[in-house]
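User: I am new to reading protein models and would like a close look at a single part of this one. Please take the salt bridges, and tell me where they sit and how open their residues are.

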Amino acid sequence: MYVELTMKGESKVAKPIKETPILFGEDARKFEARMKEKRRETPEQKAIRLKRYKAVMNVFKD
């Protein structure tokens, strides 16, 4: 799999994506437990996250 990058004044360049490491043993158990935890955010944190999201999306729309 490749990611296309465009440099200013250059043609498209492809850069290979490295393989994702596989977790085993205790590392795998900790990772799985952490992914199962429900993440909570305050209304203030949510407002900040949405504000940042909208700002980034506006950049891509133009």
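Analyst: What follows goes from the whole chain to the salt bridges, and then to a patch on the surface.

This is a predicted model, so the confidence values come first. The mean pLDDT of the protein chain is 85, and 79% of the residues reach 70 or more. Confidence varies along the chain: among the elements, strand S1 (residues 2-6) has the lowest mean pLDDT, 54, and H1 has the highest, 96. The chain contains two helices and two strands. Read from the N terminus, the order of these elements is β-β-α-α.

The structure holds three salt bridges. One of them joins the side chains of Glu 26 and Arg 29, with 3.4 Å from N to O. A salt bridge requires a side-chain nitrogen of Lys or Arg within 4 Å of a carboxyl oxygen of Asp or Glu, and this pair meets in one at 3.4 Å. Both residues belong to helix H1 (residues 25-36). They are three residues apart, which is about one turn of the helix. Glu 26 has a relative accessible area of 43% and is partly exposed, whereas Arg 29, at 52%, counts as exposed. The cut-off explains the two labels: exposed means over 50%, and partly exposed lies between that and the 20% under which a residue is buried.

Helix H1 also holds the pair Glu 32 and Lys 36. Their closest N and O atoms are 3.5 Å apart, and the two residues form a salt bridge. Because Glu 32 and Lys 36 are four residues apart in helix H1, about one helical turn separates them. Glu 32 is partly exposed, with a relative accessible area of 45%. Lys 36 reaches 64% and counts as exposed.

A further salt bridge is made by the side chains of Arg 49 and Glu 41, at 2.7 Å from N to O. Helix H2 covers residues 43-61. Here Arg 49 counts as partly exposed at 42% relative accessibility. Glu 41 is partly exposed as well, with a relative accessible area of 37%.

Now to the surface as a whole. Of the 62 residues of the chain, 0% count as buried. The accessible surface of the chain comes to about 7,000 Å², and 58% of that area belongs to carbon and sulfur atoms.

Nonpolar side chains also gather on this surface. Tyr 53, Val 56, Met 57, Val 59 and Phe 60 make a nonpolar patch of about 540 Å². One of these residues, Tyr 53, has its place in helix H2. Tyr 53 is exposed, with a relative accessible area of 51%.

To return to your request: helix H1 contains the pair Glu 26 and Arg 29 and the pair Glu 32 and Lys 36, while Arg 49 meets Glu 41 in another salt bridge.

How values were computed. Residues numbered from 1 in each chain as written. Predicted model: local features only at pLDDT ≥ 70, side-chain atom pairs only at ≥ 80, totals over all residues. Heavy atoms only, no water. Patch = residues over 30% accessible without salt bridge, like charges linked within 9 Å, V, L, I, M, F, W, Y side chains within 5 Å. Areas by Shrake-Rupley, 256 points an atom, 1.4 Å probe, with all protein chains shown as cover. Buried < 20%, exposed > 50% of the residue type's maximum accessible area, 1.4 Å probe, protein only. pLDDT = per-residue confidence, 0-100.
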